[in-house]
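Reader: I should like to examine this model through a series of specific questions. Please define each geometric term where it first arises.

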Amino acid sequence: MDKGKRITGAERDQLAVELKAAYEGGASIRSISNSTGRSYGFVHHLLTEAGVTLRGRGGATRSKPSS
């Protein structure tokens with residue numbers, strides 16, 4: 001896939017299906033963007049368009065100190 005190339009129509013729909021499968025298979029948006037050469041924002045937007053429920057960012061959460 002050419003970096004920065006505009007993707008429209010059936011090609012965009014097909015890419016959305018592939019990215020959705022990768023994301024739902026456990027890949028992160030960041031890893032998908034790196035492997036496809038597309039930006040994080042593009043991948044995020046395409047997943048949202050495809051109706052994917054995005055995962056939270058994960059990591060440690062802060063809790064209130066005990067009193």
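Reader: Which residues of H2 are met by Leu19, Ala22 and Tyr23 in H1?
Author: This is a predicted model, in which local features need pLDDT of at least 70 and side-chain atom pairs count only at pLDDT 80 or more, while totals for chains, interfaces and linings use all residues. Residues are numbered from 1 along each chain as its sequence is written, and side-chain values use heavy atoms, with hydrogens and water left out. By the criterion for contact (heavy atoms within 4.5 Å), those residues of H1 meet Ile29, Ile32 and Thr36.

Reader: How many residues of the contact of H1 with H2 are nonpolar?
Author: Ala, Val, Leu, Ile, Met, Phe, Trp, Tyr, Cys and Pro count as nonpolar, Asp, Glu, Lys and Arg as charged, and the others, Gly among them, as polar. In the contact of H1 with H2 there are no charged residues and one polar residue. The number of nonpolar residues is five.

Reader: How are H1 and H2 oriented relative to each other?
Author: H1 spans residues 9–24 and H2 residues 29–36, and their axes, 10 Å apart, make an angle of about 135°. Axes are lines fitted to C-alpha atoms, for helices over the stretch in contact, with angles from 0 to 180 degrees between N-to-C directions. Angles under 35 degrees count as roughly parallel, over 145 as roughly antiparallel, 65 to 115 as roughly perpendicular and the rest as oblique. H1 is therefore, relative to H2, oblique.

Reader: What is the orientation of H2 and H3?
Author: The axes of H2 and H3 cross at roughly 115° and come within 9 Å. In the contact, Ile29, Arg30, Ile32, Ser33 and Thr36 of H2 meet Tyr40, Val43, His44 and Leu47 of H3. The two helices are therefore roughly perpendicular.

Reader: How many charged residues does the contact of H1 with H3 have?
Author: The axes of H1 and H3 come within 9 Å and cross at roughly 95°. Arg12, Leu15, Ala16, Leu19, Lys20 and Tyr23 in H1 meet Phe42, Val43, His45, Leu46, Leu47 and Glu49 in H3. By class, this contact has eight nonpolar residues and one polar residue, and the charged residues number three.

Reader: Which helices each supply at least two residues of the largest nonpolar core?
Author: A nonpolar core is a set of buried Ala, Val, Leu, Ile, Met, Phe, Trp, Tyr and Cys residues joined through side-chain atoms within 4.5 Å. The largest has twelve residues, including Ile7, Leu15, Leu19, Ile32, Phe42, Leu47 and Val52. At least two residues of this core come from each of H1, H2 and H3 (40–49).

Reader: Which residues does Leu47 touch beyond four places in sequence?
Author: Leu47 belongs to the largest nonpolar core. Not counting residues up to four places away, Leu47 touches Leu19, Lys20, Tyr23, Ile29, Val52 and Leu54.

Reader: Is Glu24 buried or exposed?
Author: Buried means under 20% relative accessible area, exposed over 50%, partly exposed in between (1.4 Å probe, protein chains only). Glu24 is found in helix H1. Because its relative accessibility is 54%, Glu24 counts as exposed.

Reader: What share of the 67 residues in the protein is buried?
Author: The secondary structure comes to three helices and zero strands, where helices (H or I, at least four residues) and strands (E, at least two) are DSSP runs, numbered from the N terminus. Within the protein, the share of buried residues is 22%.
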